[in-house]
Amino acid sequence: MILVTGATGNVGGAVLEQLVDAGQPVRALVRDPARLGARGGDIAVAKGDLSKPETLDAAFAGADRAFLVCAGGDLPNLAGNAADAAKRAGVKHIVLLSSSSVARAPDVQIARWHREAEARVKASGVAWTMLRPGGFASNTLRWAASIKAQGAVFQPLGDARTRPIDERDIAAVAVKALTSPGHEGKEYELTGPEALSAAEQVAKIGAAIGRPLRYVDVSEDAAREAMVKAKLPEGFIRALLEAFALIRSGKGEEPSSTLEQVLGRRGRTFDEWLERHVKAFQ
Ligand SMILES: NC(=O)c1ccc[n+]([C@@H]2O[C@H](COP(=O)([O-])OP(=O)(O)OC[C@H]3O[C@@H](n4cnc5c(N)ncnc54)[C@H](OP(=O)(O)O)[C@@H]3O)[C@@H](O)[C@H]2O)c1
């Protein structure tokens, strides 16, 4: 049985869906089962919180593989708690959602958090596969509010290009790693198939909703102010601004062919991602 964490989120949700479609036995570890909504369906659900080790043994019991998403807090400890519980339960293989920054921008805070999370999983002694994606296409969902209210997106990203990756493709690599042999001990760097600036992504969203949109390049101070207003924690704001500065500098945008090698097909384009998510911007 495969235990899936982060099942109410972007990548874990797609992993859960694809494992169910593939007929694999799954259990979702969630903090609040109600948040699974329609995804809940007939699947087994266990209540657990990665920040509370005492909640994890029952959730991991009987699992032989696990997909780990660590988000929204102290990533190394969440990963460590999960990996230790996995080890106690006799899990044989962990696939961890990490970040391309680990290898591409090792000095930024986000990379430090993920590197430490990876180290905690490796230290558990359970076989592992690290998925290291670059920026998600789903990051643009954070633009939905200003698109709806002002027909504009305000970001400090200049004209630098990123390679947005579809969460379903990250999930497909996770499913492959969890259900076929030969992925243990591998670190998979994953990027989307095309390089796009924020302005180009905004134009594509505009075309999809049939409304011209503006991309407004803003200063780092203005971006910080917006994040403070949105009540993001200070440490996370600093880490995001550091990541934005890295994107602006144009570093870390080398394409990786790993996704194609693992899946035997190209990754989905931003337009293909939009087909599924266009409603969020309307
Ligand atoms: N965004 C990017 O461009 C990017 C790029 C590379 C790597 N990453 C990494 O990808 C991860 C985020 O993936 P995502 O977008 O799929 O996340 P997401 O959509 O934000 O979902 C996060 C999931 O984690 C769950 N969660 C949070 N805290 C938890 C806890 N203490 N115990 C159990 N579950 C908990 C949430 O459950 P609830 O429903 O209970 O909140 C939710 O299901 C992060 O590690 C991030 O650094 C992101």
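Two strands count as paired if DSSP finds at least two bridges between them, and I keep that rule at hand for the entries below, which concern a predicted model.

**Entry 1, a pair of strands.** I began with strand S5 (residues 93-97) and strand S6 (residues 127-133), which run parallel and are joined by five bridges. Looking up single partners, I found that Val 95 has Thr 129 in S6 as its bridge partner, and that Leu 96 stands opposite Met 130 in S6.

**Entry 2, the other partner of S6.** I then turned to S9, which pairs with S6 over five bridges, again in the parallel sense. Here I noted that Leu 131 has Tyr 188 in S9 standing opposite. I also looked up how S6 is covered: six of its seven residues are buried, so the strand is largely enclosed by the rest of the structure.

**Entry 3, the whole sheet.** Following the pairing outward, I wrote down an open sheet of seven strands with parallel pairing, in the order S3-S2-S1-S4-S5-S6-S9. Strand S3 (44-47) and strand S9 (186-190) are at the edges, and because each has a single partner strand, one side of each is left without a neighbour in the sheet. From one strand to the next the twist averages 20°. Helix H1 (residues 10-21) packs on this sheet, where it touches strand S1 (2-5), strand S2 (26-30), strand S4 (65-68) and S5, and the direction of H1 makes about 155° with that of S1.

**Entry 4, Ser 124.** Is Ser 124 buried or exposed? Its relative accessibility is 9%, and since buried means under 20%, Ser 124 counts as buried. I located Ser 124 in the loop between helix H5 (109-123) and S6. Leaving aside neighbours within four places in sequence, I listed Ala 83, Asp 84, Lys 87 and Ile 94 as the residues in contact with Ser 124. A polar atom of the Ser 124 side chain lies 3.2 Å from the backbone nitrogen of Val 126.

**Entry 5, the ligand.** Which residues are the closest to the ligand? Of the 23 residues that surround the ligand, the closest are Thr 8, Arg 35, Cys 70, His 114 and Asn 139. I then looked up polar atoms facing ligand oxygen atoms: a polar side-chain atom of His 114 lies 2.7 Å from one, an N or O atom in the side chain of Arg 31 is 2.8 Å from one, and a polar backbone atom of Gly 9 is 3.2 Å from one. Taken alone, the ligand exposes 940 Å², of which the protein buries 81%.

Note on methods. Residues are numbered from 1 along each chain as its sequence is written. This is a predicted model: local features need pLDDT of at least 70, side-chain atom pairs count only at pLDDT 80 or more; totals for chains, interfaces and linings use all residues. Side-chain values use heavy atoms; hydrogens and water are left out. Helices (H or I, at least four residues) and strands (E, at least two) are DSSP runs, numbered from the N terminus. Axes are lines fitted to C-alpha atoms, for helices over the stretch in contact, and angles run from 0 to 180 degrees between N-to-C directions. Contact means heavy atoms within 4.5 Å. Buried means under 20% relative accessible area, exposed over 50%, partly exposed in between (1.4 Å probe, protein chains only). A polar contact is a pair of N or O atoms within 3.5 Å; within protein, one must be able to donate a hydrogen and the other to accept it, and residues adjacent in sequence count only if both atoms are side-chain atoms. A residue is near a molecule or strand if one of its heavy atoms lies within 4 Å of it. Accessible areas come from the Shrake-Rupley method with a 1.4 Å probe; for residues, only the protein chains shown count as cover.
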